[in-house]
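Student: I would like a close look at one part of this model. Please keep the answer in one connected piece.

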Amino acid sequence: MIWGTWRHAWISWNLLSEALDSLLFENPLIRFNLRSQLYDQEIVELAFLSTLKFIVLSGSSARHLMNVVTLGSHQDTVRVFSGVIRLWLECVSIQTHSAVRATQYSDSISSPTFEGISSGTALPVNEDPRFYACEKAAFLSKIVNVDKYIYNIIKFATDTAEQNTAIRWGMVEAGCLALVLTAFVNDDFKLSSLTDAVEKEGRKRRSKPGRRETPDADISFLTPIPSTTINAEASRLSILIRNAKFRATWEGQRFNTRRALSLSLVNNLLWNEDVAHEHVVTHALFKKILEA
Amino acid sequence: MAETVLEAGVLDLLLRVYIIFPTLSDAEADDASQKMALLDACRSVMEVLSLSPQIEAISNHPVCILWTSCCTQPPGYTTEPADNTLLDRGTAWSRADKSCAKRRMTLIYKGSLWNSDIHDMGDMETCMDIVEFTK
């Protein structure tokens, strides 16, 4: 009799599990909310680092990534670009804090560790909890203040913004216009209000006890860059950029290249009348910067 | 027999093979032929399993959705619109063991498994997975 009871309970449990699986599979809302808790923070952070690595190395050639983002939802667009821009701001923070000399090219680009091993031996997976932190530090230090990578990230954003209005809305909401500001960072324009906030969030995440055991830990790094902060920094830059000494930071064609690429990005992002109207102050500020 | 190997976890094994497969060397001719032989072996396993009565359970396993070049889709899946692929891959990863997602993401990063070959479905799937894992 006891065996019969246990067997009945086992069958009932299996039936319940199958029913739950079916419900989860068919209900996108439940699946999305549950899925957002299914990936550990380390996986999410590594995904954003990979996205940034792909973009800065490939620029406009990152067509697959562009296509995937285009196929996604508004939420996907905002999330992906918010995360990438925050990482990029961490890179800018390294530039401003260590006064890294600007370079047009990076000798480290030929390093196999930097480019990745495209087709070789099966790579050992480092289970060291510091793996992400080490990889991020190594990668960001290699790309900091290198013209090619600055140009690539702006070009990628520019081409992605061409896809459709929904993408543009998402990118503007995520704070993509901050990319223009990062192109003009120097000793006088350090983007402190953006970089300090990102750095503070990073320190807070690293200091949280047991963060690796918490699947749905701090997700502040997924939140968009506030437009008020972007506008405040844009207002400062619109004044500084008129100064010839400020512009002399980037000798030769480097300043003009930055301005031309940034203008293309702003035009593509705010091209649609609806988007531009919603962000009329922002549009005016960036026009003032780039037409100086 | 099929039930025995399924219970032994053959599909989980294939999923792990899928994750490391892109990192296997094919630089030399010998390596390339061994890599292809491994893929053929995995395809053979899937073909045999697809003949078993447990075909529905097999089709729902993550490896059948994720490893498109190994697992031929059963009738019914071929009628799905292309834009469900993102959702399907997301669902598959959410069903897989967490360690699989972590390993996949780590190898994508370390190996830069995205290249830039616009005609390669593998590159597209890599990008889908990167975006999925940002959630």
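How many disulfides does the count come to over all chains, and what can be said about the cysteines A:Cys91 and A:Cys134?

Tutor: The model is predicted, and the count over all chains comes to zero disulfides. For A:Cys91, the nearest cysteine sulfur belongs to A:Cys176 and lies 16 Å away. A disulfide needs two cysteine sulfur atoms within 2.5 Å, so a pair at that separation does not qualify. A:Cys134 is likewise in no disulfide; its nearest cysteine sulfur is that of A:Cys91, 17 Å away. The two residues also have their accessibility on record here. A:Cys91 has a relative accessible area of 2% and is buried, because the cut-off for buried is under 20%. A:Cys134, at 48% relative accessibility, counts as partly exposed, because exposed would require over 50%.

From the cysteines one can turn to the empty space inside the model. Five cavities of 30 Å³ or more are present, and the second largest has a volume of about 60 Å³. Its lining includes A:Val172, A:Gly175, A:Leu177 and A:His279. Helix H12 of chain A, residues 227-240, gives the most to this lining, with three residues. By residue type, the lining of the second largest cavity has four nonpolar and five polar residues, and no charged ones.

In chain B, B:Leu107 sits in helix H7, residues 98-111. B:Leu107 is buried, at 1% relative accessibility. Its C-alpha atom is separated by 8.8 Å from that of B:Pro22, although the two residues are 85 apart along the chain.

Note on methods. Residues are numbered from 1 along each chain as its sequence is written. Chains are lettered from A and ligands numbered from 1 in the order in which they are written. This is a predicted model: local features need pLDDT of at least 70, side-chain atom pairs count only at pLDDT 80 or more; totals for chains, interfaces and linings use all residues. Side-chain values use heavy atoms; hydrogens and water are left out. On a 1 Å grid over the protein atoms alone, a cavity is a set of points where a 1.4 Å probe fits but cannot get out, and a pocket is an open set with protein on both sides within 12 Å along at least five of seven lines; lining residues have an atom within 4 Å of a point. Grid points are joined across faces, edges and corners, and a volume is the space filled by probe spheres set on the points. Helices (H or I, at least four residues) and strands (E, at least two) are DSSP runs, numbered from the N terminus. Ala, Val, Leu, Ile, Met, Phe, Trp, Tyr, Cys and Pro count as nonpolar, Asp, Glu, Lys and Arg as charged, and the others, Gly among them, as polar. Buried means under 20% relative accessible area, exposed over 50%, partly exposed in between (1.4 Å probe, protein chains only).
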